[in-house]
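User: Please go through this chain with me by question and answer. I would like the basis for each value along with the value.

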Amino acid sequence: MLDNFPRGTICIEDIEMGMVRYLRKEVTDKDIEMFAEVSTDHNPVHLDEDYAQDTMFQGRIAHGMLTAGLISAVIGEQLPGHGTIYMSQSLKFLAPVRPGDLVLAEVEVTGIEIDKRRVKLDCRCMVDGKKVLIGEAMVMAPSRKFD
């Protein structure tokens, strides 16, 4: 994984509008197989090339939630980072992610409620500059005052 910032915590007191953090990750066959095992989602569109060739995707694709998990990694490791609590997440899947794709997962601060420790984040994943996933998250950020 290629991150733009070190892992750790940004407390609510230090979060600013427009802050952006991201990571890049190549989705591998092993990632897809492990996600299938952990999630118990063994849909053949993810695991069986012959089956997947006859679908609208004309080949295997990664689980959508595997891609969404990269957003979770940015939130939980970088912005706000360690100690963050997910409150909600909306997702819209725009295009498939295939084995071998390099995914850019990015979050951007679009709202801050310091008194409630809430941070609204615009979330997106891209492959070759094309958006494959968009959404919005609401999280509770750690605070130097309470944690």
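**Annotated domain and overall layout**

User: Which residues does UniProt list for "domain: MaoC-like"?

Analyst: The annotation comes from an unreviewed UniProt entry. UniProt positions are given in the numbering used here, feature names are shortened, and annotations may be inferred rather than shown by experiment. The range listed for "domain: MaoC-like" is residues 23-118.

User: What should I know about the model and its numbering?

Analyst: This is a predicted model, in which local features need pLDDT of at least 70, side-chain atom pairs count only at pLDDT 80 or more, and totals for chains, interfaces and linings use all residues. Side-chain values use heavy atoms, with hydrogens and water left out, and residues are numbered along each chain as its sequence is written, from 1.

User: In what order do the elements of the chain run?

Analyst: Helices (H or I, at least four residues) and strands (E, at least two) are DSSP runs, numbered from the N terminus. The chain has 4 helices and 6 strands. From the N terminus on, the order is β-β-α-α-α-α-β-β-β-β.

User: How far apart are the end C-alpha atoms of residues 23-118?

Analyst: Over residues 23-118, helix accounts for 35% of the chain and strand for 27%. The end C-alpha atoms of that range are separated by 22 Å.

User: What percentage of the residues in the chain is buried?

Analyst: Buried means under 20% relative accessible area, exposed over 50%, and partly exposed in between (1.4 Å probe, protein chains only). The chain has 147 residues, and the buried share is 41%.

**Backbone geometry**

User: Which residues does the cis peptide bond join?

Analyst: Most peptide bonds are trans. Here omega is about 0 degrees at a cis bond, and Pro 80 lies in the loop between α4 (64-77) and β3 (85-93). The residues joined are Leu 79 and Pro 80.

User: Is Arg 117 buried or exposed?

Analyst: Arg 117 is in the loop between β4 (102-113) and β5 (118-127). Its phi is near 65 degrees, a positive value in a residue other than glycine. Because its relative accessible area is 15%, Arg 117 counts as buried.

User: Is Asp 128 buried or exposed?

Analyst: Asp 128, in the loop between β5 and β6, is not a glycine but has a positive phi of about 50 degrees. Its relative accessibility is 79%, so Asp 128 counts as exposed.

**Two side chains**

User: Which backbone nitrogen does the side chain of Asp 31 reach?

Analyst: Asp 31 is in helix α1 (residues 29-39), and it is buried, with a relative accessible area of 15%. Its side chain reaches a backbone nitrogen at 2.9 Å. That nitrogen belongs to Thr 28.

User: Which residues does Arg 144 touch, not counting residues up to four places away in sequence?

Analyst: Arg 144 is placed in the segment after β6 (130-140). Contact means heavy atoms within 4.5 Å. Under that exclusion, the residues touched by Arg 144 are Cys 11, Glu 13 and Asp 14.

User: With which side chain does the side chain of Arg 144 make a polar contact?

Analyst: A polar contact is a pair of N or O atoms within 3.5 Å; within protein, one must be able to donate a hydrogen and the other to accept it, and residues adjacent in sequence count only if both atoms are side-chain atoms. For Arg 144 the distance is 2.4 Å, and the partner is the side chain of Asp 14.
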